[in-house]
Amino acid sequence: MQQRVRHPDPPSRVPVVVVGAGPAGLTVGNILRAAGVDCLVLETETREFIERRPRAGVIEEWAVRGLERRGLAGNLLERAGRHTACEFRFDGERYRFRYQELTGRHHWVYPQPLLVTDLVREYADVRGGRIRFGVRDVRLHDLDGDRPSVSYRCPESGEREVVACDFVAGCDGARGVTRASLAPGRARVARHDYGIGWLALLAEAPPSADCVLFGCHPDGFAGQMPRSPEVTRYYLQCPPGDDPANWPHERVWAELRRRLGAAGAAPPAEGPLIEKRVLDMHDYVTEPMVSGRLFLAGDAAHLVAPIAAKGLNLALHDAFLLGDALVAWLTGDDDSGLAGYSRACLRRVWDYQEFSQWLSELYHGTAAGDSFRAGTTLARLRRLFTSPTAAAAFAEQYLGTAARY
Ligand code: RFL
């Protein structure tokens, strides 16, 4: 394919083109650079934008250890909060679930923009990785041959650039283009819609408790996720497709106080709402996550509603497997990692999807307007605090610590 030079340093060929500079794409890029494999990361947004985009915060211990092993967790280990318990609130009472006491394991809380900032700096500034921000109209070509390519419109010149490669890593999230490039008929996309919306809020206010709170209330679910001493994420169950304008400041704080209210609990500390958007809770899984020379990773391959705070963790899991498998193929001619990639990712993906469905009933069942479902949901909630076996099973799934998936 004809290549046209329009950018100061556009490569004509690299072993791997990574589409998307989120946690998945940047982790793949970092693993490749650490092994001396050249690659190009293409991102539609600016660096400033991706370093500020608020999203996840809860990261599982195994994922942090995976980052640490690859030299990517320095700042995180210094600055992230360590969470050892969560608290359920139902029937007007507080029930603290001390998972570290039960399992010896914990969660890390580190806002996703900080993680992305660390990963971009390490990739581009420390490991010398190539990255193009602000690219437009990314297209994939010839994925079924052994010389695929990726083209995009250059943000400076408006001209189309073409980069030949051996592999494409599709890490462009839920709204990207790579999933649509899967050969028709070869991949299946399984979908699930919860029929529930969450108003996702970021408040400039300290958290009212030192841990994650889950309010399972007849008026709807409410959640509190501490992000930092100054910023707290809140969620409020709402109708899917609801307009955030229906949720003025006073209504938000009144609902949070009601749904998170419990005997002896401090009310949420009020503050300006710096993010307010409605998320419709839905999931999808693409199977297999591979088509020819295209390997999908993270939200590009599977979306898990933020109910169980698993999406970033799955994105990192995929990225570790894909980065290592690409290095093994490109430096050692070992194709076993790539051959088993999709299967290895999907086992954890489906396990987390199942947990998310289970948890959804726990969060939303009391507000379903069905007294039978409310009764079974309360029984499920109480069981976590009366049965050590049920508590152990919950802790394993909540922390992602199963010995095998
Ligand atoms: P990302 O982070 O969406 O990154 C994809 C990148 O690709 C770019 N892009 C393109 N680039 C090139 N060409 C194109 N055509 C492109 N189209 C898009 C995008 O600009 C972007 O930079 O996907 P990735 O890397 O797979 O990471 C997935 C995670 O971001 C996501 O799963 C989590 O944020 C989900 N999630 C949570 N996960 C957790 O594990 N723990 C949590 O506590 C948690 N909280 C959350 C969440 C997601 C949320 N939202 C907004 C849905 C809380 C919320 C509110």
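**Notebook: two domains and a ligand**

Started with the overall layout. The chain splits into domain 1 (12–55 + 111–190 + 284–353) and domain 2 (78–109 + 193–282 + 364–399). Note to self: this is a predicted model.

**Entry 1, how the domains sit together.** I took the centres over C-alpha atoms, and domain 1 and domain 2 come out 31 Å apart. Next I looked up who touches whom: 12 residues of domain 1 are in contact with 16 residues of domain 2. The area buried between domain 1 and domain 2 is about 1,200 Å². Carbon and sulfur atoms give 54% of that buried area.

**Entry 2, who surrounds the ligand.** I moved on to the ligand and found 35 residues around it. The closest are Glu-43, Arg-53, Arg-55, Gln-112 and Leu-312. Which domains supply the shell around the ligand? Domain 1 and domain 2 each give at least three residues to it. I sorted the shell by class and got 16 nonpolar, 10 polar and nine charged residues.

**Entry 3, polar atoms at the ligand.** I went through a few N and O pairs here. For Asn-313, an N or O atom in the side chain is 2.9 Å from an oxygen atom of the ligand. For Pro-23, a backbone N or O atom lies 3.2 Å from a ligand oxygen atom. Thr-44 also uses its backbone: one of its polar atoms there is 3.5 Å from a nitrogen atom of the ligand. Then I checked how much of the ligand is covered. On its own the ligand has 1,100 Å² of accessible area, and the protein covers 92% of that.

**Entry 4, which elements line the shell.** I listed the elements that give two or more residues to the shell: helix 1 (23–34), strand 16 (232–238), strand 17 (273–287) and helix 8 (311–332). Which of the elements gives the most? Helix 8 does, with four residues.

**Entry 5, backbone oddities.** I also went looking for unusual backbone geometry. Most peptide bonds are trans, and most residues other than glycine have a negative phi. Two spots caught my eye. The peptide bond from Glu-287 to Pro-288 is cis, with omega near -5°. I placed Pro-288 in the loop between strand 17 and strand 18 (290–291). The other spot is Asp-142, which is not a glycine but has a positive phi of about 50°. Asp-142 belongs to the loop between strand 9 (136–141) and strand 10 (149–153).

Key: Residues numbered from 1 in each chain as written. Predicted model: local features only at pLDDT ≥ 70, side-chain atom pairs only at ≥ 80, totals over all residues. Heavy atoms only, no water. Near = heavy atom within 4 Å. Polar contact = N/O pair within 3.5 Å; in protein donor to acceptor, adjacent residues only side chain to side chain. Areas by Shrake-Rupley, 256 points an atom, 1.4 Å probe, with all protein chains shown as cover. Nonpolar A, V, L, I, M, F, W, Y, C, P; charged D, E, K, R; others polar. Domains from an automatic or database assignment. Contact = heavy atoms within 4.5 Å. Buried area = accessible area lost by both parts, 1.4 Å probe.
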